[in-house]
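Work through the exercises below with the sequence and the model at hand, and try each task before reading its solution.

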Amino acid sequence: MGKAGKLALCVLPLLFAAQSWAFDLDDVAVKAKALAAEGYSAPQSQLPASLRELPFAGYQKVRFLEEKAHWADGKTPFRLYFFHQGMHFDVPVKINEVTAEGTREIKYDPSMFDFGDLNLNPDDLKDLGFAGFKVINEINAKGTHDEVMSVLGASYFRIVGKGQVFGLSARGLAIDTALPSGEEFPRFTEFWIEKPQPDRRSLVIYALLDSPRATGAYRMEIKPGRDSVLDVQSKVYLRENVEKLGIAPLTSMYLFGANQPWPRPNYRPQLHDSEGLGIHAGNGEWIWRPLNNPQRLNVSSYRIDNPRGFGLMQRGRDFNQYQDLDDRYELRPSGWVETVGDWGGGHVELVEIPTPDETNDNIVALWRPEKLPAPGESLDVAYRLHFSRDDAKLHDPQLAMVSQTRLSEGDIKQANLIRQADGSTALVVDFVGEALAKRSPDAAPTVQVSVDGNAELLEDSLRYNPVSKGWRLMLRIKVKNPAQPVEMRAALVEDGKPLSETWSYQLPAHE
């Protein structure tokens, strides 16, 4: 036998060995499918009362020791930190590491944590397990290890890019959101995290999801950067039918803003993690829906076949819009779901829940597919999540965007130049974009406006805005029944073609 033949015989066993330890989405899908065929078994908490009854301030004292980080030897571009159980994070998740040699569980050890001045019995800390994990990366500066992804609680996770601070959350799956029957919160029960090679700039995470009526298998690959990106592949199985299945759900907070000012004096002009829902429909239309903090639960549904994308966006990037030195809302990312493949028929739904303060995530956006999988079959969905501070980059550059929506008391300027309130409601909508900036101030586009039957349109005037080099639309409406909302739409067009996205707004009802 020649030298080449001997070399081939030596290499083949190594190849087979490497392949035998390969781990992919199908391995998790086998578990998810088998789990869906069984009855649901609710997880049992073993958390002692001393940790379960911790107030939030007490839970914050439990700090992971950075020197105990997984992969702290610096041989990979990532590190893993872990969350301790406590408060309502009372059920452990199993976390495994995937290497070329196989998979192994990353074991909980109380010595990984600093418990501050909490008086805890060491016996209560034995074999507890983790509540979740953080992905750490030198995203902002060499030698500085910052959090880029946080996974904690049900199937929630948060991601930031360079120079961003945490804001909105994403979820693996949502079930029956905003239905009278109550929402079901699927949770990730087990993770498999691939140990990356030193030169790899992404991290692959597999997750198994479980809930009373659904299971799921997920492959998530995070790529930190100026805009961090998460590629998601998922297979969802149903134990039984659900009324509303939410795919790629995003959760955020909107308390008040320019379109809905706070009724009491506040030095912060706006307070929100996201200010609007953006949709890129399958027919090419772009839609912008400013968010509200309604007086009662509100669900808006957009019939969209084969959506190209949707997201909860934070367009305002000027500190002066927020004036908050602690929470820095201008640095919070937008979350954009870029669909991959054909998603078929369905609806993008927006849920707005009343909230009295900024501690509640009261906004949900999700995709509701028209067709659900039969028992034993999977719903396969792939998408890319963008976490960005540059909404224009995610938008069609040929179409103008809405930069702001402002609410005002309607009035008429009298002959003596004094403005007289006339009982109407006014809305100011600013459109901006590269194409508009190139137009002559004398070349006003055509504006199309519609309002529903609960309002009379009194004014729809358009004027050039020399500050933004865009166009400002002034709407004045007379609401017929303030206890009912008013639906409005507006867009700039030319020769029958859109020059802007469609502004789609719901003026909330007032009791």
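**Exercise 1: a sheet and its edges**

Task: Determine how strand β27 is joined to strand β30, and then place both strands in their sheet.

Solution. In this predicted model, strand β27 (residues 419-432) and strand β30 (residues 470-479) run antiparallel and are joined by seven bridges. To locate one point of this pairing, take Ala 426, whose bridge partner in β30 is Arg 476. The next step is to widen the view to the open sheet of four strands, where the order is β26-β27-β30-β29 and the pairing is antiparallel. Because β26 (401-413) and β29 (455-465) each have a single partner strand, they stand at the edges, and one side of each is left without a neighbour in the sheet. From one strand to the next, the twist averages 25 degrees.

**Exercise 2: the setting of Tyr 237**

Task: Decide whether Tyr 237 is buried or exposed, and list residues with which Tyr 237 is in contact.

Solution. Begin with the position of Tyr 237, which lies in strand β14 (residues 228-238). The relative accessible area of Tyr 237 is 7%, and since buried means under 20%, this residue is buried. Leaving aside neighbours within four places in sequence, the contacts of Tyr 237 include Ala 29, Ala 32, Lys 33 and Ala 36, together with Arg 213, Ala 214 and Thr 215, and also Gly 376, Glu 377 and Ser 378. Finally, compare sequence with space: Tyr 237 and Leu 372 are 135 residues apart in sequence, while their C-alpha atoms are 9.4 Å apart.

Technical notes: Residues are numbered from 1 along each chain as its sequence is written. This is a predicted model: local features need pLDDT of at least 70, side-chain atom pairs count only at pLDDT 80 or more; totals for chains, interfaces and linings use all residues. Side-chain values use heavy atoms; hydrogens and water are left out. Two strands pair if DSSP finds at least two bridges between them. Helices (H or I, at least four residues) and strands (E, at least two) are DSSP runs, numbered from the N terminus. Axes are lines fitted to C-alpha atoms, for helices over the stretch in contact, and angles run from 0 to 180 degrees between N-to-C directions. Buried means under 20% relative accessible area, exposed over 50%, partly exposed in between (1.4 Å probe, protein chains only). Contact means heavy atoms within 4.5 Å.
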